[in-house]
Amino acid sequence: MLKHNPDNERIKHKYFTFLKEAMRVSEHTIDGVAKALARFEEFTKNKDFKTFRYEQASGFKKYLLEQKSQRKDTKLSKSTIHSTFAHLKRFFEWLSREQGYKSRIKYSDAEYFNTSSKDMQVATARRAQKAPTLEQIKHVINLMPINTEIEQRNRALIAFTLLTGARDGAIASVKLKHINLDEDCFFQDARDVKTKFSKTFTTFFFPIGDEIKQILIDWIAYIKTEKLWGNDDPLFPMTNISIDASQQFEANGLKREHWSTATPIRTIFREAFAKADLPYFNPHSFRNTLVQLGQSKCKTPEAFKAWSQNLGHESVLTTLYSYGEVGRQRQADILKVLGNPNQDVQPTYNDFADAIAQKLFDRGLKLTT
């Protein structure tokens with residue numbers, strides 16, 4: 001069996017370039033496409049894509065249903081199977097239009113990668129996203145030691161994530177010049193900061209407590225006055241690794257460079273929550289926490305729009321759809337109140353959603369479910 005098929009490798013490279021340059025697909029998504037194609041080639045024993053027929057798609061579907069996850073000794077999840085089939089369908093649809101392939105591959109044969117309606121419902125169902133409470137996050141921060149500059153950085157990093165709701169990629173690339181303490185804001189300049197879709201916007205610190213903001217202030221004062229770093233230096237520098245007397249690697253202060261990836265940030269979060277005897281919550285989960293906080297604090301559609309915009313969302317509907325589910329406890333409270341007509345249900349962000357939907361309807365835009 002061939003380990004690789006040269007013709008397949010060439011056309012895959014062309015497709016990945018098409019996704020990146022023409023369709024502006026992220027590297028993460030392209031990695032998912034590559035993994036889906038690798039699974040298919042493993043099934044076909046690296047047969048040339050020119051030999052593709054609908055029977056291969058049908059056989060692969062049965063094959064994939066029997067495969068086990070690499071991380072767990074269980075079968076692949078419905079969502080993994082659904083995304084794999086979706087990637088393969090789009091690839092063979094594209095391939096059926098390419099020179100040298102369009103006379104051999106039927107466009108309609110790619111339809112055999114469709115999953116059943118039942119499986120698609122399971123795979124694409126929206127589920128409640130786990131998020132720490134504000135009290136849990138503050139508890140974690142309060143327990144973090146600050147004896148060394150590395151520990152001070154780690155605590156300031158988690159405080160900053162709560163203050164801004166920034167994604168870990170942005171946190172890894174932020175510079176001192178992007179923070180304005182006079183206006184309490186973080187300018188996410190896409191020329192320097194790794195933002196989603198390379199979008200530039202300003203995030204003002206969320207109102208989560210002066211003590212959290214003070215941690216950031218103290219950290220910035222330290223690296224500016226004690227280490228004499230300037231505006232173009234990283235706000236959260238990487239750890240300097242050196243070799244000790246016993247020829248072992250050890251953490252030795254901070255290095256005047258940005259992290260190349262966000263992996264060290266997630267490690268800091270994991271260790272901090274573990275030391276607080278709490279389950280691990282990744283940096284992105286803080287965005288869910290902030291949305292839940294906004295649901296209780298924002299009393300007008302304009303206020304929730306500002307809250308949503310602060311997270312980098314152009315449309316408040318993005319916030320409502322992606323993060324804005326009614327919490328389980330809130331759902332229970334509403335149902336209890338509805339059973340007692342003498343009590344009023346306090347307005348929540350759902351009232352704002354209705355108001356926004358009505359405004360869109362008045363302007364001739366109708367929302368469908």
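Which residue forms a salt bridge with Asp233? In this predicted model, the partner of Asp233 is Arg256. The legends below begin with that pair.

**Figure 1. Salt bridge between Asp233 and Arg256.** The closest N and O atoms of Asp233 and Arg256 are 3.0 Å apart. Asp233 lies in the loop between helix H9 (210–226) and strand S4 (239–243), and Arg256 in the loop between strand S5 (249–254) and helix H10 (263–275), so the salt bridge ties together parts that are 23 residues apart in sequence. Asp233 is buried, at a relative accessible area of 14%, whereas Arg256 is partly exposed, at 45%. The model has 15 salt bridges by the rule applied.

**Figure 2. Salt-bridge network of Glu9, Lys12 and Glu41.** Shared partners join the salt bridges of these three residues into one network. Glu9 forms a salt bridge with Lys12, with 3.1 Å between the closest N and O atoms. Both residues lie in helix H1 (residues 6–22), 3 residues apart, which is about one turn of the helix. In general, an α-helix has 3.6 residues a turn, so residues three or four places apart point the same way. Lys12 also meets the side chain of Glu41 in a salt bridge, at 2.7 Å from N to O. Glu41 lies in helix H2 (residues 27–44) and Lys12 in helix H1, so this pair ties together parts that are 29 residues apart in sequence. Glu9 is partly exposed, with 33% relative accessibility. Lys12 is buried, with a relative accessible area of 10%, and Glu41 is buried, with 3%.

**Figure 3. Helix H3 and its buried residues.** Helix H3 covers residues 54–65 and has 12 residues. From the first C-alpha to the last, H3 reaches 17 Å, close to the 16 Å expected at 1.5 Å a residue. Which residues of H3 are buried? They are Gln56, Ala57, Phe60 and Leu64. Seen down the axis of H3, the buried residues fall within an arc of 95 degrees, so they line one face of the helix. What do the buried residues of H3 pack against? They pack against H2 and helix H4 (78–95). H2 is also the helix that holds Glu41 of Figure 2.

**Figure 4. Surroundings of Asn310 in helix H12.** Helix H12 comprises residues 301–310, and Asn310 is found in this helix. Is Asn310 buried or exposed? Asn310 counts as buried, at 10% relative accessibility. The side chain of Asn310 reaches the backbone oxygen of Phe204 at 2.5 Å. Leaving aside neighbours within four places in sequence, Asn310 is in contact with Phe201, Thr202, Thr203, Phe204 and Phe206. Phe204 thus appears both in this contact list and as the residue whose backbone oxygen the Asn310 side chain reaches.

**Figure 5. Cysteines Cys185 and Cys298.** How many disulfides does the model have by the rule applied? The count comes to 0. Cys185 counts as buried, with a relative accessibility of 5%. Cys298 is likewise buried, with a relative accessibility of 5%.

Definitions and conventions:
Residues numbered from 1 in each chain as written. Predicted model: local features only at pLDDT ≥ 70, side-chain atom pairs only at ≥ 80, totals over all residues. Heavy atoms only, no water. Salt bridge = Lys/Arg side-chain N within 4 Å of Asp/Glu carboxyl O. Helix = DSSP H or I, 4+ residues; strand = E, 2+ residues; numbered from the N terminus. Buried < 20%, exposed > 50% of the residue type's maximum accessible area, 1.4 Å probe, protein only. Expected span 1.5 Å × (residues − 1). Arc of directions from axis to C-beta. Contact = heavy atoms within 4.5 Å. Disulfide = S-S within 2.5 Å. Polar contact = N/O pair within 3.5 Å; in protein donor to acceptor, adjacent residues only side chain to side chain.
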